[in-house]
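Student: I would like to practise reading strands, sheets and helices in a model. Please show it to me first.

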Amino acid sequence: MTAPDTSRISPTAHYTSYVWYRNGLSHPALATTTGSLFYAGMGLVDRASAACGGPRIEPMLLCRHHLIDRVLERAIESGEIGQVVEVAAGLSGRGVRLTRRHEHLRFVEGDLPGMSAQKRERLERAGLSSPRHHVVPMNALADLGEHALAQVVDDILEPDVGTAIVTEGLTPYFDPGIVGQMWRRFVRVLSGYRAGLYLGDLYTRDTIGQVPGSRLALLSMSAFTRGSVHLHFDDAKDAAEAARAAGFERWTIHDRSGVADLDLGRGAGLARVLEAWVTSRAANPRPDSAGTP
Ligand SMILES: C[S@@+](CC[C@H](N)C(=O)[O-])C[C@H]1O[C@@H](n2cnc3c(N)ncnc32)[C@H](O)[C@@H]1O
């Protein structure tokens, strides 16, 4: 079955990469003119929301980005994780930052072909390429074919090294059924490595309901991407149950308390991050690209 075309989401990567750049989390080579225009436009929405006592999107984005970084860096520093696959990495600076900071880390960034080609070109032009940093075409929704996750990473990663998959800003654009299938796909792939960690942002109805004006923020993101932005879970317990159903074995759901030392502002409380682990099936054969063992 052909994966659906989700390229309508790609322009959002220009906006988020500009947010990372503006906040010292990325390189100027990954900041685009399109991103600066989106940033100015979303800044107006953010200021209007704040003036009415509502949340701002930028603190929410920064909260999830820092939470993912912190959990990931702890796992790298403890030696559990030595390889990272960021699915739908867009123009994020995480791959550049972490491969510079951790000298043995291997980092694979996947995105739809147009976006990954653009990123590779930008990194090459700025002299930021590294043999440990792979920027490749990948479709998060494909089980088969050259862009399927299992197929792409099989050529690059070592099975005896702990591996993390990261998604940031991707799941809200997919309905709950698609997210469940994608998480199960991640579990199958991760179980082929010495240790497997998944990190991804998530949003719950209880927090969104508690922060006045946050539905407006969701509507503005839906308008931006010309499609629905989904709220998948009632609360953290519901999200944990979905992680269990997908096949993860241990999980923690992080919230802004994990970055309480950062002064992020109103809106940060909307973001949560799922940290979910699978145990290696090293004794079993690696799954093939269709996901069947
Ligand atoms: C909101 S952006 C997030 C980019 C990056 N993770 C960040 O936080 O800056 C969403 C990204 O998802 C990518 N994307 C959309 N559909 C995808 C798919 N089916 N497979 C892989 N990437 C996809 C888009 O091209 C875009 O780069």
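Student: Which residue in β5 does alanine 164 stand opposite?

Tutor: Note beforehand that this is a predicted model. Alanine 164 stands opposite leucine 197 in β5. On β1, valine 84 has alanine 164 of β4 as its bridge partner.

Student: In what sense do β1 and β4 run, and how many bridges join them?

Tutor: β1 and β4 run parallel and are joined by five bridges. Five bridges also join β4 to β5, again in parallel.

Student: How do I read the two faces of a strand such as β4, and which residues lie on each side?

Tutor: In a regular strand the side chains alternate between the two faces of the sheet. In β4, Thr163, Ile165 and Thr167 are on one side, Ala164 and Val166 are on the other, and all are buried. Because five of the five residues of β4 are buried, the strand is largely enclosed by the rest of the structure.

Student: What is the strand order of the whole sheet?

Tutor: The sheet is open and has seven strands in the order β3-β2-β1-β4-β5-β7-β6, with mixed pairing. Its edge strands are β3 (133-137) and β6, each of which pairs on one side only. Direction ignored, neighbouring strands are turned by 15 degrees against each other on average.

Student: In which sense do β5 and β7 pair?

Tutor: They pair in the antiparallel sense, over eight bridges. One example is tyrosine 198, whose bridge partner in β7 is alanine 276.

Student: Which strands does helix α3 touch?

Tutor: Helix α3 (residues 57-77) packs on the sheet and touches β1, β4, β5, β6 and β7; its direction makes about 170 degrees with that of β5. Helix α4 (residues 94-101) also packs on the sheet, touching β1, β2, β3 and β4, and its direction makes about 175 degrees with that of β2.

Student: How do I read a buried side of a helix, and which residues of α10 are buried?

Tutor: An α-helix has 3.6 residues a turn, so residues three or four places apart point the same way. In α10 (residues 236-246), Ala239, Ala240, Ala243 and Ala246 are buried. These alanines are on the same side of α10 because they cover an arc of only 120 degrees around the axis. The buried residues of α10 pack against α7, β5, β6 and β7.

Student: What is found at the start of α10, and what just after α10?

Tutor: At the start, a side-chain oxygen of aspartate 235 reaches to within 3.3 Å of the backbone nitrogen of lysine 237. Just after α10, glycine 247 takes a positive phi of about 115 degrees.

Terms used. Residues numbered from 1 in each chain as written. Predicted model: local features only at pLDDT ≥ 70, side-chain atom pairs only at ≥ 80, totals over all residues. Heavy atoms only, no water. Buried < 20%, exposed > 50% of the residue type's maximum accessible area, 1.4 Å probe, protein only. Helix = DSSP H or I, 4+ residues; strand = E, 2+ residues; numbered from the N terminus. Arc of directions from axis to C-beta. Contact = heavy atoms within 4.5 Å. Polar contact = N/O pair within 3.5 Å; in protein donor to acceptor, adjacent residues only side chain to side chain. Pairing = 2+ DSSP bridges. Axes fitted to C-alpha atoms, helices over the stretch in contact; angles between N-to-C directions.
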